[in-house]
Amino acid sequence: LEKRAELVDILIKSLNPAIDKKIDKLWAVEAEKRLESIKKKSVTTIPADEVFTRIRKKHHGKYL
């Protein structure tokens, strides 16, 4: 799974080259903070299918 994530990251970077490396670094720091919060269980996660269901209900399918 980790190797797949790395591959996805490489592919995304190849399609959308970073305009500003500083922004990439800030996002990486934020992602690490969020991952730590999840590991410590200090936040509640919501399954993606539930998130998309809520969005569809809220926007009545306008955007999805």
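What share of the 64 residues in the protein chain is made up of buried residues? Buried residues make up 0% of this chain. Keep that in mind as we walk through the model, which is a predicted one.

## The overall picture

Let's start with the building plan. The protein chain holds three helices and zero strands. Read from the N terminus, its elements follow the order α-α-α. The accessible surface of the chain comes to about 6600 Å², and carbon and sulfur atoms account for 61% of that area.

How confident is the predictor? The average pLDDT of the protein chain is 86, and 88% of the residues score at least 70. Among the elements, α2 has the highest mean pLDDT, 92, while α1 has the lowest, 85. A word of care on reading such scores: where pLDDT is low, the predicted coordinates should not be read in detail.

## Three helices, checked by length

A helix can be tested with a simple ruler. At 1.5 Å a residue, you can work out how far it should span and set that beside the distance between its end C-alpha atoms. The expected span is 1.5 Å times one less than the number of residues. Here is how each helix does.

| Helix | Number of residues | Expected span | Distance between end C-alpha atoms |
|---|---|---|---|
| α1 (residues 2-15) | 14 residues | 20 Å | 20 Å |
| α2 (residues 21-39) | 19 residues | 27 Å | 27 Å |
| α3 (residues 48-59) | 12 residues | 16 Å | 16 Å |

For α1 the expected span and the end-to-end distance agree. The two values also agree for α2, and they agree for α3.

How many of the 14 residues of α1 are buried? The count is zero, so this helix is hardly covered.

## Salt bridges within helices

Side chains of opposite charge can pair when their charged atoms come close. In this model the count comes to two salt bridges.

One of them joins the side chains of Arg34 and Glu30, with 2.9 Å from N to O. Why are these two residues separated by about one helical turn? Arg34 and Glu30 are four residues apart in helix α2, and that spacing is about one turn. Glu30 counts as partly exposed because its relative accessibility is 28%, a value between the limits of 20% and 50%.

Another salt bridge links Arg54 with Glu50, where the closest N and O atoms are 2.7 Å apart. Arg54 and Glu50 lie in helix α3 and are four residues apart, so about one helical turn separates them. Arg54 has a relative accessible area of 46% and is therefore partly exposed. Glu50, at 35%, is partly exposed as well.

## A nonpolar patch on the surface

Which residues make a nonpolar surface patch of about 290 Å²? They are Ile46, Val51, Phe52 and Ile55. Phe52 is found in helix α3, and Phe52 is partly exposed because its relative accessible area is 40%.

## Two spots with a positive phi

Finally, have a look at the backbone just after two of the helices. Just after α2 comes Lys41, with a positive phi of about 60°. Lys41 has this positive value although it is not a glycine. Where does Lys41 sit? Lys41 lies in the loop between α2 and α3. Its relative accessible area is 72%, so Lys41 counts as exposed; the cut-off for exposed is over 50%.

His60 offers another example: just after α3, this residue takes a positive phi of about 50°.

Methods:
Residues are numbered from 1 along each chain as its sequence is written. This is a predicted model: local features need pLDDT of at least 70, side-chain atom pairs count only at pLDDT 80 or more; totals for chains, interfaces and linings use all residues. Side-chain values use heavy atoms; hydrogens and water are left out. Buried means under 20% relative accessible area, exposed over 50%, partly exposed in between (1.4 Å probe, protein chains only). pLDDT is the predictor's confidence in each residue, from 0 to 100. A salt bridge is a side-chain nitrogen of Lys or Arg within 4 Å of a carboxyl oxygen of Asp or Glu. Patches are made of residues with over 30% relative accessible area and no salt bridge: like charges are joined within 9 Å, nonpolar side chains (Val, Leu, Ile, Met, Phe, Trp, Tyr) within 5 Å. Accessible areas come from the Shrake-Rupley method with a 1.4 Å probe; for residues, only the protein chains shown count as cover.
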